[in-house]
Amino acid sequence: IADKREGIGVCGWILVSFSFLLVLITFPISIWACVKVIREYEQAVVFRLGRVLSKKAKGPGMILILPCTDTFIKVDLRTVTCKIPPQEILTKDAVTAQVDGVVCYRIRSAISAVANIRDVHSATLLLAQTTLRNILGTQSLAQLLASREEVAYSIQAMLDSATEQWGVKVARVEIKDVRIPVGMQRAMAAEAEAAQETRAKIVAAEGEMNASRALKEASMVLAESPAGLQLRYLQTLTTLAAKNNSTIVFPLPVNMLGNLGQKSKGG
């Protein structure tokens, strides 16, 4: 806007000179109408006879305004945080969900925010809603739930690119909440429970298999060492006696059991 402005013409300079002369005649009373104070977090876009006065906004501090020919608009440069209302979307896998979020932005060019768009805050919020719906419509429900940060970054990049000509810098976009129908929640809960049961059965089966392999190896070791089998038998008796002292155990020699087994086979 500042690069395309033209001169105010002869009539404009006459009006400006007249206004300046009026200020000098009514000084010091006119000083209260000419001096304006701009806060640290604000900038003022000054219009002289309807045209932007300079390429850069004024402030912060004191600025001089001619009462008859100049007007100004204050622009707040602080970061604005607004809530995106819940948007009902249809995900890529045909699941209906309601998603809301938060967008944080600030105005980095006061002249562009005033001269290029009528209401920069309302336009940014409406564009954020539309961008949220467009981006989430291309994602599945699983991607939306598992990759919120990546989806929010995509929304931020697209929104920042669209609002650049308005002098707006989008600092952050966050997806606040994702609400899905109750029936879908029950189906997802049943699916998760079934998956947990499947994993539990697999773990139990793997444990049984490992235990059987260990028992097989132990039996092979004990078969090679009869003394080891007897020691294991005595250790088992010691364990039983420690758990229940009232139990009386009459141990039999292991070799006797082996001899009985051999006699039965020979008969």
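The following questions and answers introduce a predicted model of one protein chain.

Modeller: Residues are numbered from 1 along each chain as its sequence is written. Because the model is predicted, local features need pLDDT of at least 70 and side-chain atom pairs count only at pLDDT 80 or more, while totals for chains, interfaces and linings use all residues; side-chain values use heavy atoms, with hydrogens and water left out.

Biologist: How many helices and strands does the secondary structure of the chain come to?
Modeller: Helices (H or I, at least four residues) and strands (E, at least two) are taken as DSSP runs and numbered from the N terminus. Counted in that way, the secondary structure of the chain comes to nine helices and eight strands.

Biologist: What percentage of the 267 residues in the chain is buried?
Modeller: A residue is called buried under 20% relative accessible area, exposed over 50%, and partly exposed in between, with a 1.4 Å probe and protein chains only. By that rule, the buried share of the 267 residues in the chain is 27%.

Biologist: Where does UniProt place the feature "transmembrane region"?
Modeller: The record is an unreviewed entry, and UniProt positions are given in the numbering used here, with feature names shortened and annotations that may be inferred rather than shown by experiment. In the model, the stretch that the record names is 77% helix and 0% strand, and its end C-alpha atoms are 20 Å apart. The UniProt feature is at residues 12-33.

Biologist: Which residues form a nonpolar patch on the surface?
Modeller: Patches are made of residues with over 30% relative accessible area and no salt bridge, where like charges are joined within 9 Å and nonpolar side chains (Val, Leu, Ile, Met, Phe, Trp, Tyr) within 5 Å. Accessible areas come from the Shrake-Rupley method with a 1.4 Å probe, and for residues only the protein chains shown count as cover. I25, a member of the patch, is found in helix α1 (residues 9-25) and counts as exposed at 61% relative accessibility. The patch, with about 420 Å² of accessible area together, is formed by F20, L21, L24 and I25.

Biologist: Is V23 buried or exposed?
Modeller: V23 has its place in helix α1, and its C-alpha atom is separated by 9.5 Å from that of C68, which is 45 residues apart from V23 along the chain. Not counting residues up to four places away in sequence, V23 touches S30, C34, L66 and P67, where contact means heavy atoms within 4.5 Å. With a relative accessible area of 12%, V23 is buried.

Biologist: What covers the buried residues of α4?
Modeller: Helix α4 (residues 120-136) has 17 residues and reaches 24 Å from its first C-alpha to its last, close to the 24 Å expected at 1.5 Å a residue, the expected span being 1.5 Å times one less than the number of residues. Its buried residues are V120, A123, T124, A128, Q129, T131, L132, I135 and L136. The cover includes β6 (80-90), β7 (96-107), α3 (110-115), α5 (141-146), α6 (148-162) and β8 (168-179).

Biologist: Which residue meets K169 in a salt bridge?
Modeller: A salt bridge is a side-chain nitrogen of Lys or Arg within 4 Å of a carboxyl oxygen of Asp or Glu, and by this rule the count comes to seven. K169 counts as partly exposed at 29% relative accessibility, whereas its partner is buried at 16%. The two side chains meet at 3.1 Å, N to O, and the partner is D160.

Biologist: What is the N to O distance in the salt bridge of R39 and E42?
Modeller: R39 is partly exposed, with a relative accessible area of 46%, and E42 is buried, with 9%. The side chains of R39 and E42 meet in a salt bridge with an N to O distance of 3.5 Å.

Biologist: Which peptide bond is cis, with omega near 0°?
Modeller: One partner, P60, lies in the loop between β3 (51-52) and β4 (61-64). The cis bond runs from G59 to P60.

Biologist: What is the phi of A94 near?
Modeller: A94 is found in the loop between β6 and β7 and is exposed, with a relative accessible area of 60%. Its phi is a positive value in a residue other than glycine, near 65°.
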